[in-house]
Amino acid sequence: MEQVIYLDNNATTRVAPEVFEAMRPFFCERYGNPSSIHSFGGSVAADVEKARCQIAELLGVGFRDRDGVATEIIFTSCGTEGDNSAINAALNMRPDRKRIVTTAVEHPGVLSYCKYLERQGYEIVQLPVQSNGSLDMDDVKVAIDENTAVVSVMWANNETGTIFPVAEIAKLAHAQGALFHTDAVQAAGKVPIELDETEIDFLSISGHKLHAPKGVGVLYVRRGLRFRPLIWGGHQERQRRAGTENVTSIIGLGKAAEMAKEHLDREIVELSALRDRLEKGLLERIDCIRINGDLEHRLPNTSSISFEYIEGESILMLLNQFGICASSGSACTTGSLEPSHVLRAMGLPYTAAHGTIRFSLSRYNTQADIDRVLEVLPPIIERLREISPFWQERQKNG
Ligand code: PLP
């Protein structure tokens, strides 16, 4: 197979070689259980705590307890677990309140859980988005009332990269006595996060989106909150998340966070330059395309582009023949030919929503990758439009 050009980094990322090296000793040499009394296992606990601090640094969390532990960071198995745990804990902390405010464009980690909670008697308010994927703050203000237990709004959308004003929304939630959670799975490591400067109560992230392995995540819980776990069992994570720690992956996530923090400023510049090169190049070469999302408040690595009058899945299949990996929506909706819930919430016309491709970049992409897409994609679009009845009709009608 020819070399892969991987432009699907919002689905998952390559484990950084440095991360892999940091993890390596913890598989076959230092494999002890951090809860053990013996020092072979117990010494591993110090490495887990180091990783916790590395993540706290990435998230702008300065608090350390008397033992130097960043206690506001809890390790989880994934972003979805963090989302579920935060909402579950918030509902337990506000037992008399029955309303949950979220958005129509959240990941299923929030939306599916809210659907379940609706069946348990909660009222779910899904805030609509505007055509560029952003929220109308007046809607937000109206939706959060004195019956609201928790507000959950993502930091950045996985499909369009649109960034939401979460610090501002956290203040609005608190003004009504509600708690605030943000799903920062797509934001961590891509944009600056300074949690100490916000009122955010809960924040979830996932390792595999920032060059750590799959199957590890973090939930930040602001200190002082009476957190109620989702998973009960042993005493791990100060009794807030039972189950033997996924030590190797935790070490990897710590290293990945350290690298993300160190290179953040440079990567923001480099990734947005690559993204802009891609978008400008495609706009110059192809008619009837549109860039989706809030172009002023957007992740540097994400580009959602609608190629009107054709099917996104056909584009992906032809790109695949050239070893180019992209996505036609979120990873979870790929496989279905229906436009994703995000594009539907934005009200994209049918002919645009169906032809939408998400390119998501990482530090491992180069200008040569982008130039290859600019070479390969225009003829693909031309070929597909030639056989598209929608395109033919449009041409006929001028
Ligand atoms: N939230 C967002 C915004 C995501 O993009 C994803 C994964 O795509 C998740 C949550 C779920 O993360 P995980 O796969 O670690 O459960």
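Biologist: Why is strand E5 (residues 148-152) called mostly covered?

Modeller: Buried means under 20% relative accessible area, with a 1.4 Å probe and protein chains only. Five of the five residues in E5 are buried, so the strand counts as mostly covered. This is a predicted model, where local features need pLDDT of at least 70. Residues are numbered from 1 along each chain.

Biologist: What makes E5 a strand?

Modeller: Strands are DSSP runs of E with at least two residues, and helices are runs of H or I with at least four; both are numbered from the N terminus.

Biologist: How do you know that strand E3 (residues 99-103) pairs with E5?

Modeller: Two strands pair if DSSP finds at least two bridges between them. Three bridges join E3 to E5, so they pair. The two run parallel. Ile100 stands opposite Val150 in E5.

Biologist: What makes E5 and strand E6 (residues 179-183) a pair?

Modeller: Three bridges again, in the parallel sense. Ser152 has His181 in E6 as its bridge partner.

Biologist: Why is the crossover from E5 to E6 called right-handed?

Modeller: Point the strands away from you. The path from the first strand over the helix to the second must run clockwise. Here the chain goes from E5 through helix H7 (residues 166-175) to E6, and this β-α-β crossover is right-handed, so that path runs clockwise.

Biologist: What makes E2 (73-76) and E4 (123-127) edge strands?

Modeller: The open sheet of seven strands has the order E2-E8-E7-E6-E5-E3-E4, with mixed pairing. E2 and E4 each pair on one side only.

Technical notes. Predicted model: local features only at pLDDT ≥ 70, side-chain atom pairs only at ≥ 80, totals over all residues. Heavy atoms only, no water. Buried < 20%, exposed > 50% of the residue type's maximum accessible area, 1.4 Å probe, protein only.
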